[in-house]
Amino acid sequence: MNDQTLPITLSHLEDEALYSYLGRANLSNCMGTSKQFVALAFGRLKAVISADLPSDLSVLLETAPQLSPYPSLEQIIELTTQYPYYRPFMSEAKWNELVTRATRGTGQSLKTWLGLPAHRFSATTMFRSCVMCDRTAWDTEGTFYWHRAHLLPGVVVCSIHGTPLVKYFLQSSDTARSALRRIPSPPRMQICVPASALEALTHFALTSHAALNSSDLPLSGETCRSAYLAKLADLGLATSGGRIHWGELSQAILEKHRNFEHWPLGERIAQSSNGVLGWLFGLLRPRSRFSHPVTHIVLINFLFESFASYAEAVKLASKESLELDEIKRIAAPPTADGLSELVLTDDSLSCRTAAKKLGLSVTTVVKRRRILGLRIAERRKSLTPKRISDARGLLAAGTAPMKVSDATRLSLSSVYRIRATLALPSKVPTPDQLTAHRAIWLASAAHGRSVRERRALVASSYALLYRHDRAWLLEANADKAMAAKPRTRVNWEKRDELYAGRIRTASTNLRGTSPRGRISRTFLMRAGGPEASIRGNVYRLPLVREALDESEETVEQFQRFRYSRAIVKLRDLEGSYGAWKPLKLAGLRKAPGGFEETTRC
């Protein structure tokens, strides 16, 4: 088909999916059924074009370039598919592999490779459209078409008009898989979106649309996680060391989104274990696994309010990471080339001069010279008795340490060490100051749920009250204090007696019943108490071990019991019987040891 030209050449419309463009091209040029047209475009009779993540794109350009909306693969991927929606949330290496699979693969395992079925956010496309967008398209272009932004996972509100979308069908449930469906006319009823969820779902649609149209390079990886953790620390939901308050974070997300009620994917997003949303671990723990964009967007809306703010935060974290890497590179041990060795071992150069030439810190040069046993010139001491006396006088007069440092040309650390040697009276706040700080602390309750969060917000007021008004502070925080959990110790001797008694009782009761199963060690442990606890601590339970050894019934013992029970039953019912009958009744192939296969007449 390379040499053929189309009677009607179409222009790609704004935000139009490739699936929709090919459907319009087939309809305008009358090129047969959808199956024939797709086979002609992609060179395979069984080809199926996905509405969200189409594949074999290079085959389309090679086989039927006149059917392609753009002459290059980059433009097709960027402007007609949903691949850019996933780009900000995966590593650059994974993005390059995804592009390779999209251009050269058949797409049979592409979504499985991405992990979309495992995330359970629906790996197929739900066809939706906006009534207002359709009306605008009809008025300006004279046709309806599928918008990429309306087909994004979990989006049920138009990001442009803020109105609920119209839902049609799932592509995977379409009986004609190769069909290129058009928007039905007249449209169906809009999706019912309650007013309580409309704002949150509109916010979700806006962020999803921004991610789809983002031209940023992949923003995921450790820098993405660093941006999340930094923002969580600012909100008091994580420590500066990276420890996350999982329960409080999950509760805050659920409260902001009203437990995701009336969301199309709300049940999956709101799933939690022990009060923690499970998908948070994939985003915030140091893993290289790809997380679904839906989870990223929910967290971005909670932390940053917009995709643009999130992108700026990640770029800032990436810049800081690059600067840190550069510092580590500079501070790394120099290579054993002649110049570095010469500068490092040259006694005529001061440590400061050598550090400048090597691009290292003075401390690093000093440490390495000391390891090599080289002489290091000592600095002239600037802490003279006169300066110490001047600093003491200024500190005794109540001058701030920073001003003392500037006046005496001493380091701030030296000033604080001098001040520690003086018996200066501590500054006691006035009643008015205490009242003001009390008001600040009480007002912080509106912005922080726990004492820890409020301390991060008004640290200076908390420190002053703790130092000078501790009784009032403890009383004010009494309702927020967490009760200490009593530490219980296990009395293994009593537990040993209890479990052993239960095991012996269970064995006695079961032996007196008929029919019954074998009295196995597992059965006895379950009868004694929690099986896992008994197995894990059996070395602490001597009475339990003894009871298990005495009460357990081996397989041979249980076979003899079944065989003797069969003999007694046949004797009572028939009086005489063949040797095969007890075996059949007991379910055995041969008589157990201690019995003879004889015929009773």
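Trainee: What is the relative accessible area of Glu78, and is Glu78 buried, exposed or partly exposed?

Mentor: This is a predicted model, and the values discussed here are computed from it. Buried means under 20% relative accessible area and exposed means over 50%, with partly exposed in between. Glu78 therefore counts as partly exposed, its relative accessible area being 25%.

Trainee: Which residue forms a salt bridge with Glu78, with the closest N and O atoms 2.9 Å apart?

Mentor: A salt bridge requires a side-chain nitrogen of Lys or Arg within 4 Å of a carboxyl oxygen of Asp or Glu. The partner counts as buried, because Arg87 has a relative accessibility of 9%, whereas Glu78 is partly exposed. With the closest N and O atoms 2.9 Å apart, the residue that forms a salt bridge with Glu78 is Arg87.

Trainee: Over the face of which residue does Arg87 lie?

Mentor: Besides forming a salt bridge with Glu78, the side chain of Arg87 takes part in a contact with a ring. The distance from the ring centre is 5.2 Å, and the residue over whose face Arg87 lies is Trp95.

Trainee: How far from the ring centre of Phe561 does the charged end of Arg516 sit?

Mentor: For a charge to sit over a ring, CZ of Arg has to be within 6 Å of the ring centre and within 35 degrees of the ring normal. The charged end of Arg516 sits over the ring of Phe561, and its distance from the centre of that ring is 4.0 Å.

Trainee: How many salt bridges does a search of the whole structure find?

Mentor: One of the salt bridges is formed by Lys386 and Asp390, whose closest N and O atoms are 3.1 Å apart. Another brings together the side chains of Asp549 and Arg521. Over the whole structure, the number of salt bridges found is 14.

Trainee: In which helix do Lys386 and Asp390 both lie?

Mentor: Lys386 counts as exposed because its relative accessibility is 59%, and Asp390 counts as partly exposed at 34%. The two residues are four residues apart, about one turn of the helix, and the helix that holds both of them, residues 385-396, is α20.

Trainee: Which residues are joined into one network with Arg521 by salt bridges that share partners?

Mentor: The side chains of Asp549 and Arg521 meet in a salt bridge at 2.9 Å, N to O. Asp549 lies in helix α30 and Arg521 in helix α28, so the pair ties together parts that are 28 residues apart in sequence. Salt bridges that share partners extend this into one network, in which Arg521 is joined with Asp549 and Glu552.

Trainee: How many aromatic pairs does the count come to?

Mentor: Rings of Phe, Tyr and Trp pair if their centres lie within 6.5 Å. By this rule, the count of aromatic pairs comes to 18.

Trainee: What is the angle between the planes of Tyr85 and Tyr86?

Mentor: The rings of Tyr85 and Tyr86 are 5.2 Å apart, centre to centre, and both residues are buried. Planes over 60 degrees apart count as edge-to-face, so the pair falls in that class, the angle being 85°.

Trainee: How many residues apart are Tyr228 and Tyr310, which form an aromatic pair?

Mentor: Tyr228 and Tyr310 form a stacked pair, at 5.8 Å centre to centre and 20° between the planes. Both residues are buried, and ring pairs link them with Phe89, Phe304 and Phe307 into a cluster. The pair links distant parts of the chain, Tyr228 being in helix α11 and Tyr310 in helix α16, and the separation is 82 residues.

Trainee: Why is there no bond between the sulfur of Cys130 and the closest cysteine sulfur, and in which residue is that closest sulfur?

Mentor: A disulfide needs a pair of cysteine sulfur atoms within 2.5 Å, and the count of disulfides comes to zero. Cys130 is buried, with a relative accessible area of 0%. There is no bond because the sulfurs are 3.7 Å apart, which is too far, and the closest cysteine sulfur is in Cys158.

Trainee: About how much accessible area do Met402, Leu412 and Tyr416 have together?

Mentor: Tyr416 lies in helix α22, residues 412-420, and is partly exposed, with a relative accessible area of 42%. Met402, Leu412 and Tyr416 form a nonpolar patch on the surface, and their accessible area together is about 280 Å².

Notes:
Residues numbered from 1 in each chain as written. Predicted model: local features only at pLDDT ≥ 70, side-chain atom pairs only at ≥ 80, totals over all residues. Heavy atoms only, no water. Phe/Tyr/Trp six-rings, centres within 6.5 Å; stacked < 30°, edge-to-face > 60°. Buried < 20%, exposed > 50% of the residue type's maximum accessible area, 1.4 Å probe, protein only. Patch = residues over 30% accessible without salt bridge, like charges linked within 9 Å, V, L, I, M, F, W, Y side chains within 5 Å. Areas by Shrake-Rupley, 256 points an atom, 1.4 Å probe, with all protein chains shown as cover.
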